[in-house]
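Me: I've got a new structure open and I'd like to get my bearings. Can we go through it together, one question at a time?

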Amino acid sequence: DAPLRRCGDLLQRPVGPSDYELSLGRITDTLRSDYPAFFERSPSFHIYDDAIVFMLGTPFHGVQTLRGKRSYCKALRALQTLAGNLVRDGIVECRIGDGTPYGHALKVHWTCGGTVAGYDLRIEAISLYSLTPSAKDPGECPLLTHPVSYHMIEFVNIQPPSLRSMLLHVWWRPLTEMQ
């Protein structure tokens, strides 16, 4: 929150967005750019906290959580490599909205489509993101005082269904075993 200022006999907050709101806007802009570019480039990892928690929800409840920015970056890069090797004509689309009704800062509804070995691929999911104040010195990253500290993916639909097993056994489990 912005510090109070004295204006005559009254204490007032300066007009304008808070540090949290500015961080939320920058993160939203970054995600809006990163999701559609999934098959083209690495995401912008500067928006993530060093202690980020990454979880898989439905249908993978109970699998181990990944912790830390290094593990998070490794997970997304591994998924991109796997997808880049298997998916043809891949496309990712997203809609970003308010996550507060779900207890999070942002809700991103996303879909991934393409073909895998001649079969149509369609993944529909919801990613929930939470932000926390940074433990870093504000001078290190003055534009992002509240980085992403939590990311959970809830898969709504995975087609073909055999892809669920591949995601779990080829992508997620090896990552959690290396932690």
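Me: Let's start with one pairing: which residue in strand 8 is the bridge partner of tyrosine 129?

Reply: Keep in mind that this is a predicted model. Strand 7 covers residues 119-131 and strand 8 covers 148-159, and the two run antiparallel, joined by ten bridges. In strand 8, tyrosine 129 is bridged to histidine 151.

Me: What is the order of the strands in the open sheet?

Reply: Six strands make up the sheet, and their pairing is mixed. Strand 4 and strand 5 are the edge strands, each pairing on one side only. Reading across, the order is 4-3-8-7-6-5.

Me: In which sense do strand 3 and strand 8 pair, parallel or antiparallel?

Reply: The two are joined over five bridges. One example is leucine 56, which stands opposite isoleucine 153 in strand 8. The sense of this pairing is parallel.

Me: And on the strand 4 side, which residue is the bridge partner of valine 53?

Reply: Strand 3 and strand 4 run antiparallel and are joined by two bridges. Strand 4 spans residues 66-67. There, valine 53 has as its partner arginine 67.

Me: What about helix 1: at what angle does it run to strand 6?

Reply: Helix 1 covers residues 19-34. It lies across strand 3, strand 5, strand 6, strand 7 and strand 8. Its angle to strand 6 is about 10°.

Me: Is there any empty space inside, and what volume does the largest cavity have?

Reply: Rolling a probe the size of a water molecule over the atoms shows where empty space is left. Counting cavities of 30 Å³ or more gives one. The volume of the largest cavity is about 490 Å³.

Me: Which residues of its lining are the closest to the centre of the largest cavity?

Reply: The lining is made of 32 residues. They divide into 26 nonpolar, four polar and two charged. The closest to the centre are Phe38, Leu76, Leu79, Val92 and Trp110.

Me: Which element gives the largest share of the lining of the largest cavity?

Reply: Several elements supply at least two residues each, including helix 1, strand 5, strand 6 and helix 3. The largest share is seven residues. Those seven come from helix 2.

Me: Now the backbone: which residue does a cis peptide bond join to glutamine 159?

Reply: Most residues other than glycine have a negative phi, and most peptide bonds are trans. There is a cis bond from threonine 58 to proline 59, with omega near -5°, and proline 59 lies in the loop between strand 3 and strand 4. Another cis bond, with omega about 0°, involves a residue in the loop between strand 8 and helix 3. The residue it joins to glutamine 159 is proline 160.

Me: Phi of aspartate 89 is near what value?

Reply: Aspartate 89 is found in strand 5. Its phi is positive, in a residue other than glycine. The value is near 55°.

Me: Last one: where in the chain is confidence lowest?

Reply: The chain has a mean pLDDT of 90, and 88% of its residues reach 70 or more. Confidence is highest in strand 5, at 98. At the other end, with a mean of 58, is strand 1.

Key. Residues numbered from 1 in each chain as written. Predicted model: local features only at pLDDT ≥ 70, side-chain atom pairs only at ≥ 80, totals over all residues. Heavy atoms only, no water. 1 Å grid on protein atoms, 1.4 Å probe; cavity = no way out; pocket = protein on both sides within 12 Å on 5 of 7 lines; lining within 4 Å. Points joined across faces, edges and corners; volume = space filled by probe spheres on them. Helix = DSSP H or I, 4+ residues; strand = E, 2+ residues; numbered from the N terminus. Nonpolar A, V, L, I, M, F, W, Y, C, P; charged D, E, K, R; others polar. Pairing = 2+ DSSP bridges. Contact = heavy atoms within 4.5 Å. Axes fitted to C-alpha atoms, helices over the stretch in contact; angles between N-to-C directions. pLDDT = per-residue confidence, 0-100.
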